[in-house]
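Q: Could you walk me through this one? I'd like to start with what the terms mean and then go over the strands, the helix and the chain contacts.

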Amino acid sequence: MNEISFRIKPFGTRAVLLEWPAEVRTDILEDIVGFVEFLQAGPMPVSQWEFVPVYHSLTLISRSADLDYPTLKEELEQAYSEYPGPIAREQHHWELPVCYDAAFGPDLDTAAAALGMSPEALIEAHTAQPYPVYGIGFLPGFLYLGGIPQAIQVPRREAPRLKVPKGAVGLASRQTGIYPQESPGGWNLIGNCPIPLFDPKREPPCFVSLGDTVRFRSVSRAEYDLHKIEGEVGVYDFKRKYGNAKG
Amino acid sequence: MLKVSKPGFYASVQDLGRPGYRHFGVPLSGAADRLAARRVNALLENDPGDAVLEMAMQGPELVFDSPTYIALSGAGMDVRLNGQELHPDQVYPVPAGSVLECGRITKGFRAYLGIRGGLRIPKILGSRSMFYPVTEGRQIRAGQELPYEPCAGFEAKILKLSPMDLYLEEALVASPGPEFELLEPAARERLFGDSFTLAKEYDRMACQLQETLPAHTLQMITSATLPGTVQLTPAGRLIILMPDGQTTGGYPRVLQLDNRSVSVLSQKKFSDRVRFVENPS
């Protein structure tokens, strides 16, 4: 039996929502990653179901028919009782270059001042640890990253920008992330990542998966320009490491 | 080729969408009024998932360079083929060189043009539905050429369907959403009791409603959203997600429309009325 568990709720006639305790925790993330793999390999193949895991929840969407909710609820409870829990799996640790120059990070100085630190200290703190990927959503290729240290949690901007450029690296309260395309946005912009996170010409279109980690590396403008070309033609070396994850 | 001589207000190629990529943040997409898209494909004996042209507000002007058959459905629209008026839910033969002038929508909001064999633009991530940045464009543009297979001698089994007139319906069938129970009883009653009006903000991503519920301070961790999810913003605004809507969101999901009701809503425009009716099942 697993120590953590979820609640099941209907979500319209075609979907069902599984909610783990409402917290952002890596043991919950690992439980969800493992349970998704368990379901896909067994009773709920991807040919019939779509899986949308994010933070503490997993939504299962039927690709065709309306659901029989009571039966499905029972099946999911049964599956979870048979699920051995997260097992060691291959996990990618992605290192992504970020240029924190003023041209890319118009809010770096004000964010650092609000946090009572120098811009250099903010960059150091932002690149000091890997961030677990808790989900991909909102925009194609937008990563929900967790584990942002308290020391760099800064409120979002009062007035959102109408245009945030593609690749912009934002920071707002307990979230940091990369805008995968030009869009409006209210986060403090502190840098830019030259590697595209979403490419519809590739399968899968996003190289990062749920449960991977992302770590940022500060690069100069010259390195940024080089990596941008490498990223566009698909030859950038991520220096990714493989690890084993277990909850 | 189907050549776009005038692009109209907002016309896009759509099929039944792009399932299987939501966990990368890619919305489902596809025809906003799937019932209408299915009707034109059924009339033309196409596959249900063949690509059609979805046309909002003011339609495009198109030229066919080879013979085929077409059908229209969904919203009412002034459409002329070589100067001859066309009617919805019927199959028409189209000789090579024909000009199709799609004018203003007269009732409803989105009209659908089906073509025998479907529009054959390349599939991206398993679908022909236009959605930026998965596809390069959001809508068709002047000068664009949309491929189709020429067809002659098609004998349709069904020549005409009786109209569906979805735009006349005001009731949206909804189930309580995952956060419905967090609402105050008065707000829950208003959701299923009041009538609502479409605001100016409505497109393929979302429809906003003018009337608001009381402001709230409910907090939730970002979770999945679906086409037909009714979100409640902290200011009390109701936002209904459409097929191009985001795959995840942080606003409470107070209701979930059934699929048919997303089609009904897709035929609404600014100042049209809707009300939510609880799904009996």
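A: Before the helix packing comes up, one term is needed: two residues are in contact if their C-beta atoms, placed from the backbone, lie within 7 Å. Please also keep in mind that this is a predicted model.

Q: OK, so which strands does helix α3 of chain B lie across?
A: Helix α3, residues 259–266 of chain B, lies across β10, β12, β15, β17 and β18 of chain B, and the helix runs at about 140° to β10(B).

Q: And in what order do the strands of the chain B barrel close?
A: Seven strands of chain B close into the barrel, in the order β10-β17-β14-β15-β12-β11-β18, and their pairing is mixed. From one strand to the next, the twist averages 40°.

Q: How many bridges join β10 and β17 there?
A: Strand β10 (residues 171–176) and strand β17 (residues 253–257) of chain B pair over three bridges in the antiparallel sense, with B:P176 standing opposite B:L255 in β17(B).

Q: Switching to chain A, in which sense do β1 and β2 pair?
A: Strands β1 (residues 7–11) and β2 (residues 15–19) of chain A pair in the antiparallel sense, over five bridges, and the bridge partner of A:F11 in β2(A) is A:A15.

Q: Which residue of that hairpin takes a positive phi?
A: That is A:G12, with a phi near 75°, in a hairpin that has three residues between the strands β1(A) and β2(A).

Q: Last topic: how many residues of chain B are in contact with chain A?
A: In chain B, 26 residues are in contact with 35 residues of chain A, and that side of chain B divides into 12 nonpolar, 12 polar and two charged residues.

Methods: Residues are numbered from 1 along each chain as its sequence is written. Chains are lettered from A and ligands numbered from 1 in the order in which they are written. This is a predicted model: local features need pLDDT of at least 70, side-chain atom pairs count only at pLDDT 80 or more; totals for chains, interfaces and linings use all residues. Two strands pair if DSSP finds at least two bridges between them. Helices (H or I, at least four residues) and strands (E, at least two) are DSSP runs, numbered from the N terminus. Axes are lines fitted to C-alpha atoms, for helices over the stretch in contact, and angles run from 0 to 180 degrees between N-to-C directions. Ala, Val, Leu, Ile, Met, Phe, Trp, Tyr, Cys and Pro count as nonpolar, Asp, Glu, Lys and Arg as charged, and the others, Gly among them, as polar.
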